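Colleague: Got a minute to walk me through this one? I'd like to hear how each label is earned.

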Amino acid sequence: MKIKTKFTLYNIIMLITPIVLIGVISVCFLVIFILKYPVEELNISRASLLDPFVFSQALGEFFKSNHGAVWYVILWVMICVLLIVISTTTATRFITRSIENSVNDLAQAAESIRSGNLDFEVMGSDYDEIDNLCTSFDAMRKELKYANEREKYMKKERSMLLANISHDLKTPITSIKGYIEGIRDGVASTPEKMNSYLDTVYAKAEVIDDMVNNLSIFSKLELSRLAFNFEKGDFNSFLRNFVNNYKIDFEKNGIRFKENIPLEKAVVKIDYEKLGRVFSNIIDNAVKYRNPEAPELEVSTFMKDGGVYACVSDNGIGIEPDELKNVFEGFYRVDSSRSIKGSGLGLGIVKQIVEKHGGKIWLKSEGIGKGTTAVVYLPVAGG
Ligand code: ADP
């Protein structure tokens, strides 16, 4: 109910209650008065009752000779005044108390927020205006709570990120140092051994290079500092050309490859270089985490929901369904794949690039050993 309506209602109650009570009391007084002082004692004729002057004169005479009746009337007036005072103060107290309660609840909520407690719910009020204020207040509390949790999460993430970066960089660096020491100490005594040592050092340096590269892109994306050059292009022909370059790689790895990309055009906004990174990451993963015995890989696209869906499916090691969302977090690696080389940054980068294209990405897998499908959705470019 609106405050104005409630006030009007209380005003009506404040007006009606004393009128009714005074009416009842007056009737009682009048009956008692008439019984105690019969009308005949007023000493006036019936006809002069209609003449106010004669009537008031008669009343004056009557009260002069009956002092008890004067006190009786004074008592009646006092009771009436008392009734008016009691009923108005009760109604006023009632309405101010109910507004005060709602405002006090809000003040208490503000105090709780100020002291850092955000785990409560701001209750509503009977008054529409205060209720709206409570709703906005509660929405603000929820936002603050979310921001607090997000900040805590980001702090934790940052520390984990630093720990992971130092660990992942330290491992190949330690190994490079070990191999160089080996060369220095003359352990690589033959040219073959020396070559093998140098190859390993080179491979480890490449791991570091790859990681630093990924880190640089990952942080630039996080800080929105990576410039995108979008243009409209046919996604289907882009993907067809892209996977073409991989065919030799698939053959080398004994992967049975299937392509199902229709010839129809799927015009989307593309940053070719960045989208190339997306699919090289997804396809590299499908190759890396392939089925060790009879690896298969399929790339397909289809149009639906005002966009194009691209699916990269493998029959590889698969992922537990409850891990499917986590793999998009920076440095996250599923335990079952830890024996295979990787930094855990690829899908984090992929997700951000796809989202910059206005699209979505998710993984599907029925579990360990059951293969994985990466699905990328890009909306068709308008205009
Ligand atoms: P990386 O492959 O370098 O570890 P990614 O961010 O590309 O990092 O992937 C994160 C994790 O997701 C991987 O470590 C792996 O556990 C899991 N994953 C990604 N793609 C696949 C796939 N096709 N099959 C199985 N697991 C996958």
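Modeller: Sure; first, it's a predicted model, where local features need pLDDT of at least 70, side-chain atom pairs count only at pLDDT 80 or more, and totals for chains, interfaces and linings use all residues. Residues are numbered from 1 along each chain as its sequence is written, and side-chain values use heavy atoms, with hydrogens and water left out.

Colleague: How do you know that helix α6 lies across strands, and which ones?

Modeller: Helix α6 (residues 235-244) lies across β2, β4 (296-304), β5 and β7, at about 170° to β4. Angles run from 0 to 180 degrees between N-to-C directions, with axes fitted to C-alpha atoms, for helices over the stretch in contact. Helix α8 (residues 272-288) packs on the sheet too, touching β4, β5, β6 and β7, and its direction makes about 25° with that of β5. Contact means heavy atoms within 4.5 Å.

Colleague: What makes β5 and β7 a pair?

Modeller: Two strands pair if DSSP finds at least two bridges between them; β5 (residues 307-314) and β7 (residues 372-379) have 8, in the antiparallel sense. One bridge partner in β7 is V375, for C311. Helices (H or I, at least four residues) and strands (E, at least two) are DSSP runs, numbered from the N terminus.

Colleague: Why is α3 called roughly parallel to α4?

Modeller: Helix α3 (residues 67-114) and helix α4 (residues 128-184) pack at about 10°, axes 11 Å apart. Angles under 35 degrees count as roughly parallel, over 145 as roughly antiparallel, 65 to 115 as roughly perpendicular and the rest as oblique, so α3 is roughly parallel to α4.
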